[in-house]
Amino acid sequence: MPLGRQMERRATSSGLDSPVRTKVAIVTGASRGIGRGIAERLLETGYCVVANSRNITSAKTLPPGDRLKLVDGDIASSDIAKQVVDSAIGNFGRIDLLVNNAGVFIPKPFTEYTTEDFRKATETNLWGFFYVSQLAASHMRLRKSGHIVNITSSIVDQPVAGLTGSLVNLTKGGLESVTGALAIEFARDGVRFNSISPGVVDTPMHGVEAHEFLKQLSPLNRLAEIAEVVDLVLFLECAPFINGEVIHLDGGAHAGKW
Ligand SMILES: NC(=O)c1ccc[n+]([C@@H]2O[C@H](COP(=O)([O-])OP(=O)(O)OC[C@H]3O[C@@H](n4cnc5c(N)ncnc54)[C@H](OP(=O)(O)O)[C@@H]3O)[C@@H](O)[C@H]2O)c1
């Protein structure tokens, strides 16, 4: 049984986390890949979910129901961020969990990046974190409870020769750093901040033809499954003393050379 499901079962049977059935989560970038997996599992677990992406409605990838609300739009926009947060509070009364998952990876040598690349990476990865996190954190602070999880990238700590993508370091590195800063800033307010730093995950971000090369980027010689990222989100939800942490999910790549 996957770890996340074990944690869900433990949380429910122990009564330690009995409100789990009515918890409310926001997941950005939820139309496919990791975000979709997180939103699906949260719904299965009993959460109410506000799912965002630019095309989340037309994607039709999440199971419809009373516990799911969709907000279309670019999460880099402060208006969209406000719509997302307003939807959670307006429809479900509060926000317990925000997963900042929407992100882009633009693999290029540093000197070939264009202004448009720089803008896209900065907007999606940083602005897409900033506005929605500000709004969610200020709501959570009032309730003295909440958890914000960022999806970063193992490239931040483990750059790899032959895999150039330094805009990820520039942007996701900032998210990893701010995870600690905000964990400290909000600790007395009952709001936690953590990050999950995956290696290569098997999502639509990567064509199947690249898998053989990408497998070599982990000592375990495989890609991570989406379910393994989802398990970590659920684990962190059940681990209230973990705060300000960046958890690597890369088969050990961050630990050294192999
Ligand atoms: N896959 C990996 O190997 C890997 C490794 C390390 C880290 N990550 C990180 O994990 C996260 C998810 O990756 P993934 O592989 O699942 O990506 P993906 O398959 O490309 O999916 C990205 C999701 O984000 C949405 N999105 C993109 N730009 C957006 C924006 N400006 N506003 C709102 N939604 C936006 C997309 O939907 P729309 O097109 O509908 O907007 C889609 O739902 C990203 O932050 C990525 O950097 C991935």
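**Ligand contacts, sheet order and helix packing**

An oxygen atom of the ligand lies 2.7 Å from a polar backbone atom of Val201. The model is predicted. A ligand oxygen is also placed 2.7 Å from His206, here from an N or O atom of the side chain. At Gly103, the separation between a ligand oxygen and a polar backbone atom is 3.4 Å. In total, 29 residues surround the ligand. Those that come nearest are Ser31, Ser53, Lys172, Thr203 and His206. His206 thus appears both among these nearest residues and as a side-chain polar contact of the ligand.

The strands form an open sheet. Seven strands are arranged in the order β3-β2-β1-β4-β5-β6-β7. Their pairing is parallel. Strands β3 (68-72) and β7 (246-249) are the edges, and each of them pairs on one side only. From one strand to the next, the twist averages 15 degrees. Within this sheet, β1 (residues 24-28) pairs with β2 (residues 48-53) through five bridges, in the parallel sense. Opposite Ala25 stands Val49 of β2.

Helices pack on the sheet. Helix α4 lies across β1, β2 and β3. Its direction makes about 165 degrees with that of β3. Helix α6 (residues 166-186) touches β5 (146-151), β6 (191-198) and β7. The angle between α6 and β6 is about 155 degrees.

Helix α4 also packs against a second helix. Two packed helices are described by the angle between their axes and the distance between the axes. For α4 (residues 78-92) and α5 (residues 115-143), the axes come within 8 Å. They cross at roughly 35 degrees. The crossing is right-handed. On the α4 side, the contact is made by Ser78, Ala81, Lys82, Val84, Val85 and Ile89. On the α5 side, Tyr131, Val132, Leu135, Ala136 and His139 take part. By class, eight residues of this contact are nonpolar, two are polar and one is charged. The charged residue is Lys82 of α4.

Two loop residues have a positive phi without being glycine. One of them is Lys144, with a phi of about 60 degrees. Lys144 is located in the loop that joins α5 to β5. The other is Asn221, whose phi is near 55 degrees. Asn221 belongs to the loop between α7 (211-215) and α8 (226-237).

Notes: Residues numbered from 1 in each chain as written. Predicted model: local features only at pLDDT ≥ 70, side-chain atom pairs only at ≥ 80, totals over all residues. Heavy atoms only, no water. Axes fitted to C-alpha atoms, helices over the stretch in contact; angles between N-to-C directions. Helix = DSSP H or I, 4+ residues; strand = E, 2+ residues; numbered from the N terminus. Left-handed = near helix turned anticlockwise from the far one by under 90°. Contact = heavy atoms within 4.5 Å. Pairing = 2+ DSSP bridges. Near = heavy atom within 4 Å. Polar contact = N/O pair within 3.5 Å; in protein donor to acceptor, adjacent residues only side chain to side chain.
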